Amino acid sequence: MITPGRTVKDVEITNNSNVDHIFKELEQSGGFEARNVAEGVDILYNMISDEKCTKFLSFIGAIVSTGFRGIIRDMIKKKWCNVVITTCGALDHDIARHFSNYKEGSFSMDDKILAEQDMHRLGNIIVPLESYGPIIEEKVQSVLEQVYQSGKKEMSTADITKELGKIMGEDSFLYWAYKNEIKVIVPGIMDGAVGSQIWLFSQNHPDFKLNLIDDANFISGLVFKAK
């Protein structure tokens with residue numbers, strides 16, 4: 001026998017509603033993401049409040065192409081996590097948006113027409129061609145060459161994201177991760193534009209090595225030592 005849960009209630013927001021009231025309403029509303037958001041806020045609050053808690057922040061690359069990039073950046077800026085685990089796309093969009101701009105679009109736009117106008121579409125985000133590939137190629141190749149010439153010929157993904165953070169500005173989550181000494185781990189770094197540039201760099205520098213084991217050792221050590 002299936003027993004239904006609480007009655008689904010509409011969230012009510014008035015001129016007198018404060019943030020605490022709104023999230024309390026979300027928690028009691030039930031259904032889909034409203035309740036998940038409220039529970040997520042509680043979990044986040046408890047994590048941040050507990051100094052002994054080892055906190056992982058993980059997110060997909062696509063949201064970095066949107067306004068959520070600012071939220072990710074501020075969470076890292078405020079040191080709300082001890083380590084970041086993300087996808088290569090997050091690096092791609094952070095670099096591209098720091099050195100250029102994306103535009104608003106819609107899900108119903110014609111991809112063929114966009115391609116003819118040298119524009120990519122990521123959901124309802126428009127990515128001008130010149131804002132993505134050429135910029136990422138220029139910046140990543142420059143960073144890798146500089147590090148290579150300094151004598152370092154083996155890097156983990158945490159090493160690479162740290163070096164990328166050095167060339168970014170305060171709008172970037174990579175910058176604040178570097179600034180606050182928070183490692184950014186990218187297990188699938190080859191699956192993206194930055195990864196393609198790492199591969200391309202290795203073709204011209206055969207002795208350059210990408211060390212994913214070093215990333216795994218860091219994560220394992222962090223987990224095993226966590227209280």
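**A tour from helix α6 to D215**

Begin by selecting G151, which follows α6 and has a positive phi, near 110°. The model is predicted, so local features need pLDDT of at least 70 and side-chain atom pairs count only at pLDDT 80 or more, while totals for chains, interfaces and linings use all residues. Residues are numbered from 1 along each chain as its sequence is written, and side-chain values use heavy atoms, leaving out hydrogens and water.

Next, select residues 133-149, the 17 residues of helix α6 (helices being DSSP runs of H or I, at least four residues, and strands runs of E, at least two, numbered from the N terminus), which reaches 24 Å from its first C-alpha to its last, close to the 24 Å expected at 1.5 Å a residue. That expected span is 1.5 Å times one less than the number of residues. Among the buried residues of α6 (under 20% relative accessible area, 1.4 Å probe, protein chains only) are I135, K139, Q141, L144 and Y148. Show α4 (88-99), β6 (154-155), α7 (157-166) and α9 (193-204), which are included in what covers those residues.

Now move to D215, in helix α10 (residues 212-225). D215 is buried yet has no salt bridge, and the nearest side chain of opposite charge, K183, is 6.8 Å away; a salt bridge needs a side-chain nitrogen of Lys or Arg within 4 Å of a carboxyl oxygen of Asp or Glu, with Lys and Arg counted as positive, Asp and Glu as negative, and His and the chain ends not counted. Turn to A158, whose backbone nitrogen the side chain of D215 reaches at 3.2 Å.

Note on methods
Buried means under 20% relative accessible area, exposed over 50%, partly exposed in between (1.4 Å probe, protein chains only). A polar contact is a pair of N or O atoms within 3.5 Å; within protein, one must be able to donate a hydrogen and the other to accept it, and residues adjacent in sequence count only if both atoms are side-chain atoms. Contact means heavy atoms within 4.5 Å.
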